[in-house]
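Reader: I'd like a close look at one part of this model, with the distances and contacts spelled out. Pick a starting residue and work outwards from there, please.

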Amino acid sequence: MSPDLERLREAVPLVAAIPPGSLQIKLGEAVIGGPTPGVIAGPCAVENLEQVLCTARNVKAAGAHGLRGGAFKPRSSPYSFQGLGRPALEMLAAAKIETGLFLTIEVTDQTQVELVAEYADLIQIGARNMQNFALLRAVGRTGRPVLLKRGLSATIQEWLQAAEYILAEGNRQVVLCERGIRTFETLTRNTFDVAAIPLLREITGLPVIADPSHAAGRRELVVPLARAALAAGAQGLIIEVHPQPEKALSDGPQSLNPTEFSGLMREITPLVGAVGREL
Ligand code: PEP
Ligand code: MN
């Protein structure tokens with residue numbers, strides 16, 4: 001291994017102590033980090049019961065393993081829809097009971113951790129909170145699996161140091177999620193750093209997944225970026241899906257409708273086979 005990667009590994013001893021390929025994280029019936037890429041899909045934000053159930057049924061039928069849905073939204077503007085809070089958690093729970101999909105739910109504040117941990121199989125730390133160290137420690141202490149998204153302008157080292165905070169609490173169940181970083185380009189919402197995927201997989205056994213929706217910011221780029229991520233070794237995807245993206249209260253322009261999501265699943269199946277895995 002090159003000296004710079006060796007120095008990086010020394011900065012994150014707990015993360016680097018997990019040998020590549022060794023860690024599988026069980027989420028309901030699904031496993032992330034095994035031979036099958038895990039696919040998580042659902043709305044950016046939970047808006048009402050009908051929306052969540054409709055999305056959950058559709059993504060399950062298309063082959064997804066997990067359902068995503070925000071209850072507490074970290075919006076850039078305080079005037080944007082902030083999420084329904086606790087009622088959204090109940091709606092997600094109903095969708096889980098009906099479909100069997102595991103739940104991925106974001107926490108934005110330490111005060112929500114206990115509540116969200118009661119519902120979430122995979123607790124999401126969003127890009128804006130990647131360096132909220134008190135929050136990282138708090139989710140670490142829940143012992144629940146954590147989805148750690150890359151910060152808006154975080155280097156790979158900063159990202160792995162954030163993971164180290166969670167591991168330092170005795171919780172090794174961390175999934176890393178590449179969701180694009182800020183660059184000078186404005187036609188995409190973020191710049192998808194595809195190189196981060198194989199690089200991370202060389203440094204650590206923490207599973208690595210990709211979020212092409214937030215990287216792209218536009219729905220027509222979601223399928224190509226999903227393909228690129230899987231070809232580069234991503235062990236899963238998280239995709240925003242909404243029954244009527246044009247009416248979504250958040251992230252509509254990058255959300256797929258259920259038909260488009262089924263198309264994505266069909267498109268990635270042969271690709272996953274071609275890189276020696278299965279879906
Ligand atoms: C999200 O998943 O809806 C989200 C806010 O993502 P990110 O933290 O990657 O911007
Ligand atoms: Mn979103």
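Author: Let's start with Leu-148. Setting aside its neighbours within four places in sequence, Leu-148 is in contact with Ile-125, Met-130, Leu-136, Trp-159, Ala-162, Ala-163, Ile-166, Val-174, Val-175, Leu-176 and Cys-177. Keep in mind that you're looking at a predicted model. Leu-148 belongs to the largest nonpolar core, a set of 91 residues, and it is listed among those with the most contacts inside that core, along with Leu-160, Leu-176, Leu-206, Leu-237, Phe-261 and Leu-264. The element giving the most to this core is helix α7 (residues 156-167), with 7 residues. As background, nonpolar side chains in soluble globular proteins tend to be buried together.

Now step along the chain to Lys-149, which is one of the residues that come nearest to ligand 1; the others are Arg-68, Lys-73, Ala-127 and Arg-179, out of 13 residues around the ligand. For the polar pairs, the side chain of Lys-73 has an N or O atom 2.9 Å from an oxygen of ligand 1. Gln-124 also puts a polar side-chain atom 2.9 Å from a ligand oxygen, and for Glu-240 that distance is 3.3 Å. The protein buries 97% of the 300 Å² that ligand 1 exposes when taken alone.

Gln-124 and Lys-73 also lead us to Glu-106, since both are on its contact list, together with Phe-72, Pro-74, Val-116 and Gly-126, leaving aside neighbours within four places in sequence. Glu-106 sits in strand β5 (residues 102-107), and it counts as buried because its relative accessibility is 6%, with the cut-off set at under 20%. Its side chain makes a 3.4 Å polar contact with the side chain of Gln-124, and it reaches the backbone nitrogen of Gly-126 at 3.5 Å. Glu-106 and Gly-126 are 20 residues apart in sequence, with their C-alpha atoms 6.7 Å apart.

Glu-240, which we met beside ligand 1, has another job for its side chain: its OE is a donor to the manganese ion (ligand 2), as are Cys-44 (SG), His-214 (NE2) and Asp-251 (OD), with distances of 2.0 to 2.4 Å. Along the sequence those donors follow the spacing C-x169-H-x25-E-x10-D. His-214 is in helix α9 (residues 212-216) and Asp-251 in the loop between β10 (236-240) and α11 (258-274), so this pair ties together parts that are 37 residues apart in sequence. His-214 and Asp-251 are both buried.

Thr-55 makes a handy next stop. It's in helix α3 (residues 49-62) and counts as buried, because its relative accessibility is 0%. Beyond residues up to four places away in sequence, Thr-55 touches Gly-42, Pro-43, Val-241 and Pro-243.

For a contrast, end with Arg-137, in helix α6 (residues 133-142). At 35% relative accessibility, Arg-137 counts as partly exposed. Outside its neighbours within four places in sequence, its contacts are Tyr-165 and Glu-169. Arg-137 and Glu-169 are 32 residues apart along the chain, while their C-alpha atoms are separated by 6.4 Å.

Methods. Residues are numbered from 1 along each chain as its sequence is written. Chains are lettered from A and ligands numbered from 1 in the order in which they are written. This is a predicted model: local features need pLDDT of at least 70, side-chain atom pairs count only at pLDDT 80 or more; totals for chains, interfaces and linings use all residues. Side-chain values use heavy atoms; hydrogens and water are left out. A nonpolar core is a set of buried Ala, Val, Leu, Ile, Met, Phe, Trp, Tyr and Cys residues joined through side-chain atoms within 4.5 Å. Buried means under 20% relative accessible area, exposed over 50%, partly exposed in between (1.4 Å probe, protein chains only). Helices (H or I, at least four residues) and strands (E, at least two) are DSSP runs, numbered from the N terminus. Contact means heavy atoms within 4.5 Å. Donors are N, O and S atoms within 2.8 Å of the metal (3.2 Å for Na, K and Ca); water is not among the atoms, so sites may look incomplete. A residue is near a molecule or strand if one of its heavy atoms lies within 4 Å of it. A polar contact is a pair of N or O atoms within 3.5 Å; within protein, one must be able to donate a hydrogen and the other to accept it, and residues adjacent in sequence count only if both atoms are side-chain atoms. Accessible areas come from the Shrake-Rupley method with a 1.4 Å probe; for residues, only the protein chains shown count as cover.
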